Amino acid sequence: MERVLAELLASSGADVGLGGTTVRFSAGSAVIEQGEVDDTVYLLRSGRLRLFRRTGGVEVELGRMEDPGSIVGEITALGGGTRTAMVVAETDSELVAFDAE
């Protein structure tokens with residue numbers, strides 16, 4: 001599925017056809033803040049993202065994403081509530097943002 005999405009996004013303007021908006025984050029910028037209320041789902045177009053959770057002042061590493069078509073933000077979009085983790089751009093990154101509504 002992610003490979004198919006990546007191929008769709010590779011063509012110019014695909015994000016518009018899918019109803020998304022291209023957004024860019026500089027290295028070190030937060031894409032998703034743990035604890036915030038937001039239902040945006042992101043598809044990674046390029047770059048690398050770091051995922052972690054802050055618990056009791058300690059950062060727990062959850063992983064990294066660098067494959068085009070990778071999806072972040074879907075947990076809150078599907079289940080509601082607050083964001084359960086931080087997502088930070090490790091490198092300059094381009095994503096496509098989709099509102100869950």
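Two strands count as paired here if DSSP finds at least two bridges between them. With that in hand, welcome to a short tour of this predicted model.

**Figure 1. The whole predicted protein, with three helices and eight strands.**
Followed along the sequence, the elements appear in the pattern α-α-β-β-β-β-β-β-α-β-β. Of the 101 residues, 36% are buried. The accessible surface comes to about 5,700 Å², and carbon and sulfur atoms hold 52% of that area. Among contacts with a separation of 6 or more, 74% involve residues 24 or more positions apart.

**Figure 2. Where to trust the model, shown by pLDDT.**
The average pLDDT of the protein is 85, and 81% of the residues reach at least 70. Confidence peaks in strand β7, residues 86–89, at 97. The lowest mean, 49, belongs to helix α1, residues 2–10. Over residues 1–5 the pLDDT stays under 50, and the model gives this stretch seven contacts beyond four places in sequence. Where pLDDT is low, please do not read the predicted coordinates in detail.

**Figure 3. An open sheet of four antiparallel strands.**
The strands are arranged in the order β1-β8-β3-β6. At the edges stand β1 (21–25) and β6 (71–72); each has a single partner strand, so one side of each lacks a neighbour in the sheet. Start at β1, which is joined to β8 (residues 93–99) by five bridges in the antiparallel sense. Here Phe-25 faces Ser-93 of β8. Next, β8 meets β3 through six bridges, again antiparallel, and Ser-46 is found opposite Glu-94 in β8. At the other edge, two bridges connect β3 with β6, and these strands also run antiparallel. Look for Tyr-42, which stands opposite Val-72 in β6.

**Figure 4. Strand β3, largely enclosed by the rest of the structure.**
How many of the seven residues of β3 are buried? Six of them are, so the strand, residues 40–46, is largely enclosed by its surroundings. Tyr-42 is a good residue to focus on: its relative accessibility is 8%, and buried means under 20%, so Tyr-42 counts as buried.

**Figure 5. One aromatic pair in the whole structure.**
A search of the entire model turns up one pair of aromatic rings. The rings are those of Phe-25 and Tyr-42, with centres 6.3 Å apart and planes at 80°; angles over 60 degrees count as edge-to-face, so this pair is edge-to-face. The two partners come from distant parts of the chain, 17 residues apart, with Phe-25 in strand β1 and Tyr-42 in strand β3. Phe-25, like its partner, falls in the buried class, at 17% relative accessibility.

**Figure 6. Strand β7, covered on both faces.**
In a regular strand, side chains alternate between the two faces of the sheet. In β7, Met-86 and Val-88 lie on one side, Val-87 and Ala-89 on the other, and all of these are buried. Strand β2 (residues 30–32) pairs with β7 through two bridges, in the antiparallel sense. Strand β4 (residues 49–55) is also an antiparallel partner of β7, over four bridges. Which residue of β7 is the bridge partner of Ile-32? It is Val-87, and Leu-51 stands opposite Val-87 too.

**Figure 7. A charge over a ring: Arg-50 and Phe-52.**
In this view, the charged end of Arg-50 sits over the ring of Phe-52. The distance to the ring centre is 4.1 Å. Both residue numbers fall within the range 49–55 of strand β4.

**Figure 8. Ala-100, in the segment after β8.**
Is Ala-100 buried or partly exposed? Its relative accessible area is 40%, which makes Ala-100 partly exposed. Leaving out neighbours within four places in sequence, Ala-100 makes contact with Asp-39 and Ala-77. Leu-78 is also worth finding: Leu-78 and Ala-100 are 22 residues apart in sequence, with 8.0 Å between their C-alpha atoms.

Conventions. Residues numbered from 1 in each chain as written. Heavy atoms only, no water. Buried < 20%, exposed > 50% of the residue type's maximum accessible area, 1.4 Å probe, protein only. Contact = heavy atoms within 4.5 Å. Areas by Shrake-Rupley, 256 points an atom, 1.4 Å probe, with all protein chains shown as cover. Phe/Tyr/Trp six-rings, centres within 6.5 Å; stacked < 30°, edge-to-face > 60°. Lys NZ or Arg CZ within 6 Å of the ring centre and 35° of its normal. pLDDT = per-residue confidence, 0-100.
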